[in-house]
Amino acid sequence: MTISRHVSDDERTVTISISGRFDFQVHKEFRAAYDQDEHAADVTFIVDLKATDYIDSSALGMLLLLRERVGEGKVVLANCKEQIASIFRIANFGKLFRIEQRS
Amino acid sequence: MRVLIADDDPVNRLVLRSMLGPECTRVLFAQNGQEAVERYRQGDIDIILMDVYMPVMDGYEAASRIKAECSDEFVPIIFVTGAIDDEALRRCIDSGGDDFITKPVNRVILGAKIASMRRIREMHGTLRRQTTQLESFQREMERDLDIAKYIFQNIGRSATREDGIQTWAVPRSCVSGDVLLIESKPGGGKHILVGDFTGHGLPAAVGALPLSEVFRAMTRKGHDIVAIAAEIGRKLHRLLPTGIFCSAALLDLDPQDRVVRVLNAGLPDVLIADRTGKLLQRLPSRNLPLGVASTEARDLVAEGLRAGPGVWAFVYTDGLIEATNAHGEMFGSERLERLFAGDSSAEEVFRRISEAVQEFAQGATQHDDVTLAAISYEAAARLEGDAASVPPSTVEAPRDWRLHLHCGPHMLRHFNPMPLLLSAIQELHSLERERERIYTVLAELYTNALEHGLLGLDSNLKHMPEGFMRYYDDRQARLETLVEGHIDFDMEFVVSAEGSGLRIIVTDSGPGFDHSRCLPRLEANESYSGRGISLVRALCDEVRYHGRGNRVEVTYSWGRNTE
């Protein structure tokens with residue numbers, strides 16, 4: 001379970017990648033990954049879940065915190081595996097986040 | 001560091017002392033093992049240099065006694081010995097010593113060994129402090145869990161078989177984050193709520209409290225599950241931090257309508273089965289979990305289906321389908337649905353599910369609370385018992401009723417009759433949309449009757465900035481001294497051209513007003529009653545004054561005000 005962060009060249013996109021389990025254990029690291037962008041106004045955050053194979057309800061909570069922090073419409077949940085996608089479906093997170101497949 | 005040197009030879013004692021570095025700030029002597037033990041008992045010794053062969057009590061015995069009395073402190077003992085055979089050296093450690101140094105003592109080696117013991121002693125001290133702190137945290141946590149357990153036990157009565165609900169619950173730890181609530185509706189039938197809070201223990205219990213209070217109170221007042229879910233959602237959103245929410249499903253079992261309505265906000269598909277246990281339908285979650293956002297009733301979606309005696313609903317939390325086995329596989333919804341073969345009974349399916357999940361997850365750690373409820377529409381809605389009380393023709397609420405409330409001075413001085421009136425109407429009609437508007441109408445009419453009719457206040461004063469406070473002080477003073485007069489409320493169910501509604505008549509014993517003169521000014525929104533009456537006129541079909549202006553009659557119909 002590791003979190004990594006990558007900023008695009010134009011500094012308009014921040015990608016946070018999570019591998020392994022996305023649960024309460026990574027709560028501090030996840031927060032640290034976006035906490036530094038306090039002054040960024042027009043930045044989109046992509047949470048890349050390509051390598052995530054498990055999320056629990058505390059992870060959903062962390063995503064809500066991210067959304068609250070950076071603003072509506074600024075968070076994209078990307079590349080979910082089927083299992084993760086179905087959890088987002090049950091929680092109707094499509095109403096709050098953009099859920100996309102990206103390369 | 002305070003050093004204790006135990007040696008029967010005074011020369012040895014002095015020699016050792018001379019070898020000690022500046023960190024050894026205080027040096028004490030003992031002539032034999034006995035003295036060494038006594039000196040140690042006096043306290044404050046950081047390290048002991050122990051000779052082996054001493055009269056009265058030897059070093060081995062002394063070391064062993066000292067270590068026995070050490071309890072949770074670490075006081076290192078370095079034996080100073082002339083022996084070179086392995087047995088004797090081994091015995092130094094066996095008897096409780098932590099190290100040894102052979103004579104003739106090398107000053108550098110002695111210094112190194114003392115430094116090493118000092119490090120270990122510090123580490124030991126840190127560890128001990130951390131353990132004490134952890135133990136204290138653990139005790140606090142256990143106390144919090146006890147509180148959580150108590151709360152969960154008391155927020156609702158458990159569902160029983162008589163309720164038509166069978167439940168299977170396996171909490172992950174001693175307090176589950178899942179709730180199951182059941183409450184009877186005023187007109188018959190039941191509301192059921194199954195909820196899964198993020199987290200466990202006390203944080204979950206904290207959310208469960210307002211949730212269960214709202215659920216019960218609103219169900220009893222006749223509210224709809226959509227309104228209840230919206231209110232719970234708003235409350236949780238407001239009270240709980242972002243990231244804490246409750247995935248829930250609310251079910252409405254109505255015997256009169258022969259309908260099951262389900263509002264699924266974040267739980268896996270609610271499964272509907274027939275009496276043979278065959279899967280008929282899935283009701284997926286169409287709403288955000290409760291507390292994620294502030295919700296209005298119009299944002300929520302509930303689904304209904306025709307129900308009859310053989311219909312069963314299976315509601316479960318994600319802990320069931322996410323239960324993992326020893327290989328890390330999840331039980332999954334496919335395995336679950338395969339059990340709905342339609343070859344036995346719904347009760348049998350319920351039993352099979354709990355058996356299958358337990359067998360599957362054997363040997364693996366449980367990650368989440370598991371809750372499963374199997375609800376029989378027949379038993380829960382209690383069709384048989386209520387058959388007599390069900391109105392013969394349609395599913396409408398009662399029509400032929402009339403309510404009269406007389407309020408004398410004492411009542412008016414001490415009680416607000418509004419909630420009483422409103423809940424009376426509420427009991428008879430489920431009027432979620434209308435509730436606020438009816439309250440507005442009643443409250444305005446009551447205020448006018450009381451403040452102008454009985455207390456004789458000048459409402460113009462109320463609308464002036466300086467007059468505002470004076471008005472209310474005046475109101476309070478006059479109300480406290482009210483000894484005669486009364487206000488009467490008459491409410492009646494009526495059917496008019498606009499639809500069903502209420503006729504409300506409020507009569508006060510005051511002098512009234514010249515309504516024929518004032519009404520044109522009311523129209524122009526400037527009058528002694530000001531904004532209030534205009535609002536009433538906007539909400540009601542009709543507003544009429546009678547007598548000397550102390551009796552007002554309004555008709556409010558619920559067809560009229562829907563968007």
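A search of the whole structure, which is a predicted model, finds 39 salt bridges over all chains. This report describes several of these pairs and then turns to a sheet in chain B.

## Salt bridges

The table lists three pairs together with the distance between their closest N and O atoms.

| Basic residue | Acidic residue | N to O distance |
|---|---|---|
| Lys50(A) | Asp48(A) | 3.3 Å |
| Arg286(B) | Glu303(B) | 2.9 Å |
| Arg351(B) | Glu355(B) | 2.6 Å |

In chain A, Lys50(A) forms its salt bridge with Asp48(A). The relative accessible area of Asp48(A) is 12%, and this residue counts as buried because the value is under 20%.

In chain B, a salt bridge brings together the side chains of Arg286(B) and Glu303(B). Glu303(B) belongs to strand 13 (residues 303-306) of chain B, whereas Arg286(B) lies in the loop between strand 12 (279-283) and strand 13; the pair therefore ties together parts that are 17 residues apart in sequence. Arg286(B) is partly exposed, with 37% relative accessibility.

The salt bridge between Arg351(B) and Glu355(B) has a different setting. Both residues lie in helix 10 (residues 346-360) of chain B, and because they are 4 residues apart there, about one helical turn separates them. Arg351(B) has a relative accessible area of 39% and is partly exposed. Glu355(B), at 42%, is likewise partly exposed. These two residues also belong to a network of salt bridges that links Asp343(B), Glu348(B), Arg351(B), Arg352(B) and Glu355(B).

## A sheet in chain B

Chain B also contains an open sheet of 5 strands, whose order is 16-17-18-20-19 and whose pairing is antiparallel. At its edges are strand 16 (402-407) and strand 19 (542-546) of chain B, each of which pairs on one side only. From one strand to the next, the twist averages 15 degrees.

In general, the strands of a sheet pair through backbone hydrogen bonds, in either a parallel or an antiparallel manner. Within this sheet, strand 18 (residues 499-508) and strand 20 (residues 551-557) of chain B run antiparallel and are joined by 7 bridges. Arg503(B), for example, has Thr555(B) in strand 20 of chain B as its bridge partner.

Terms used:
Residues are numbered from 1 along each chain as its sequence is written. Chains are lettered from A and ligands numbered from 1 in the order in which they are written. This is a predicted model: local features need pLDDT of at least 70, side-chain atom pairs count only at pLDDT 80 or more; totals for chains, interfaces and linings use all residues. Side-chain values use heavy atoms; hydrogens and water are left out. Two strands pair if DSSP finds at least two bridges between them. Helices (H or I, at least four residues) and strands (E, at least two) are DSSP runs, numbered from the N terminus. Axes are lines fitted to C-alpha atoms, for helices over the stretch in contact, and angles run from 0 to 180 degrees between N-to-C directions. A salt bridge is a side-chain nitrogen of Lys or Arg within 4 Å of a carboxyl oxygen of Asp or Glu. Buried means under 20% relative accessible area, exposed over 50%, partly exposed in between (1.4 Å probe, protein chains only).
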